[in-house]
Amino acid sequence: MNIFEKDKEYIANTYARNQVEFTSGKGSLMYSAQGKEYIDMGSGIAVNSFGIADEEWLAAVTAQASQLQHTSNLYYTEPCVLLAEELCRRTGMKKVFFANSGAEANEGAIKAARAYAHQKYGDSSHSTIITLKGSFHGRTITTLSATGQDGYHTVFSPFTEGFVYADPDCPEELEKLVSEIPCCAIMLEIIRGEGGVCPVSQEFIDKVKFLARKYELLIIVDEVQTGNGRTGKLYSYMHFGLEPDIVTTAKGLAGGLPIGAVLLGEKTQFSLSAGMHGSTFGGNPVCCAAALSIIKRLDDKLMEQVIEKSEYIKARLNKVTAVTEISGLGLMLGIKCNKSNKEIAEYCLDNGLIVLTAKDKIRLLPALNIPFDLLEKAMDILCKAIEA
Ligand SMILES: *Cc1c(COP(=O)(O)O)cnc(C)c1O
């Protein structure tokens, strides 16, 4: 059996993979088992922040792996503490809980918000969390429940109770919901990534800020995809003058190793106490050393380059008549065309370019440090794919 047949035989049927086996890469270039070269504009769904086998990242990972790969949360280790300190310093948040994935980070945020409300009201009367229609928060039963898309609310019933969904294009509806239902939090995915790279408006965020103050609600921001420099700021909420009470992140944080983080603000920092939450791998020294090396590089200069590259991509796409809409921020962009996105993605892959899709759009999530010459080549292929 070849690898495709073996995969079909032994791997659970949950993924519809493309017919490519990747074996190596360097930066924004990837190589298949057949030796074909690809430019990567997906970075493993916003994970490989500095591309494949980046020297600085690799040095941080190998140095830590050769010293101590894991203890347990029964003991102290330095990388997770230094990473938490850096995350707090850069965001103004107060404490960090480490997990292994986006879904697990969101689970932690939901628990922290409910624990906060339980402490405040003395019961579970305010356990409901409002999330956005079209959002995506993960694959566990609770984060599926938090996900504001009906398509995810089938088969696996019963789902976790206590989630209601607000349409971000309708701020009045949000007001109606929070005035009628006792809630503890509003959870925002500021650019709904899986939902089609759809940003919410400043007007809606202002409404969230107003209502959160009026009804004493926590603001949770899911920065799993939008975080860690992806949109041209460290976290996407920083574009909107928002001060969240809880921030979750994952994907690009450790540049290609599994990590999730829950950042807790002033109000929520003590809502989880010893024994209330935990994770065997959470705060793993290798993952945290990797993340620390990534976060330290997300400075103003790099953020300027992210915006510059974003502008370049948009300028190229604006010249293509078949492009009907470009959405997103920084290097998280969605492209709508009057042509099937699946066809475009397939053409790209055949021609040595990796792009992603989200709903009916092409989704671009290149490494933050993709070199300009590769970006230029990538856009040549993509524009041709859209026009072809
Ligand atoms: C990918 C994603 C998740 C889930 O992250 P996993 O690491 O796959 O559990 C949650 N929220 C958002 C916004 C995401 O993009």
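Is arginine 89 buried or exposed? Arginine 89 turns out to be exposed, because its relative accessible area is 58%, above the 50% cut-off for that label. The model behind this value, and behind everything that follows, is a predicted one. Arginine 89 also has a partner: its side chain meets that of glutamate 86 in a salt bridge, at 2.9 Å from N to O. Both residues sit in helix α4, which covers residues 78-91, and they are 3 residues apart, or about one turn of the helix. Glutamate 86 gets the opposite label, though: with a relative accessible area of just 11%, glutamate 86 counts as buried because the limit for that class is under 20%.

That pair is part of a bigger set, as the structure holds 20 salt bridges. Side chains of opposite charge can pair when their charged atoms come close. Glutamate 175 and lysine 207 make another such bridge, with 3.0 Å between the closest N and O atoms. Here the link is between distant parts of the chain: glutamate 175 belongs to helix α7 (residues 171-180) and lysine 207 to helix α8, with their positions 32 residues apart in the numbering. Lysine 207 is partly exposed, since its relative accessible area comes out at 22%.

Lysine 267 and aspartate 245 form a salt bridge as well, their closest N and O atoms being 3.7 Å apart. This one also ties together distant parts of the chain, 22 residues apart, and both ends are in loops: lysine 267 in the one between β12 (260-264) and α9 (285-295), aspartate 245 in the one between β10 and β11. Lysine 267 is partly exposed at 45% relative accessible area, whereas aspartate 245 is buried at 10%. Elsewhere, Glu325, Lys336, Asp360 and Lys361 are joined into one network by salt bridges that share partners.

Not every charged residue is paired up this way. Asp299, Asp300, Glu304 and Glu308 gather on the surface as a patch of negative charge. Glutamate 304, one of the four, is found in helix α10, residues 300-318. Its relative accessibility is 54%, so glutamate 304 counts as exposed.

The surface has a nonpolar patch too, made up of Ile141, Val155 and Phe156, which together offer about 310 Å² of accessible area. Valine 155 belongs to the loop between α6 and β6 and counts as exposed, because its relative accessibility reaches 71%.

That loop between α6 (141-146) and β6 (163-166) is also home to threonine 147, and here the picture flips. Threonine 147 has 0% relative accessibility, so threonine 147 is counted as buried. Leaving aside residues up to four places away in sequence, threonine 147 touches Ser135, Phe136, His137, Gly138, Tyr152, His153 and Tyr165. Further along the loop between α6 and β6 comes proline 158. The peptide bond leading from serine 157 into proline 158 is cis, with omega near 0°.

Two more loop residues stand out for their backbone angles. Glutamate 216 has a phi near 55°, a positive value in a residue other than glycine. Its place is the loop between α8 (202-214) and β10 (218-222), and glutamate 216 is partly exposed, given a relative accessible area of 49%. Asparagine 228, another residue other than glycine with a positive phi, has its value near 60°. Asparagine 228 lies in the loop between β10 and β11 (246-249). With 2% relative accessibility, asparagine 228 counts as buried.

Finally, what about helix α9? Of its 11 residues, 11 are buried, so α9 is largely enclosed by the rest of the structure. Among the buried residues of α9 are Pro285 at the start of the list, the neighbouring pair Cys287 and Cys288, the run Ala289, Ala290 and Ala291, and the nonpolar Val286, Leu292, Ile294 and Ile295. The buried residues of α9 pack against α3 (55-65), α4 and β4 (95-99). One of these packing partners, α4, is the helix that carries the bridge between arginine 89 and glutamate 86.

Definitions and conventions. Residues numbered from 1 in each chain as written. Predicted model: local features only at pLDDT ≥ 70, side-chain atom pairs only at ≥ 80, totals over all residues. Heavy atoms only, no water. Patch = residues over 30% accessible without salt bridge, like charges linked within 9 Å, V, L, I, M, F, W, Y side chains within 5 Å. Areas by Shrake-Rupley, 256 points an atom, 1.4 Å probe, with all protein chains shown as cover. Salt bridge = Lys/Arg side-chain N within 4 Å of Asp/Glu carboxyl O. Lys, Arg positive; Asp, Glu negative; His and termini not counted. Charge placed at Lys NZ, Arg CZ, Asp CG, Glu CD. Helix = DSSP H or I, 4+ residues; strand = E, 2+ residues; numbered from the N terminus. Buried < 20%, exposed > 50% of the residue type's maximum accessible area, 1.4 Å probe, protein only. Contact = heavy atoms within 4.5 Å.
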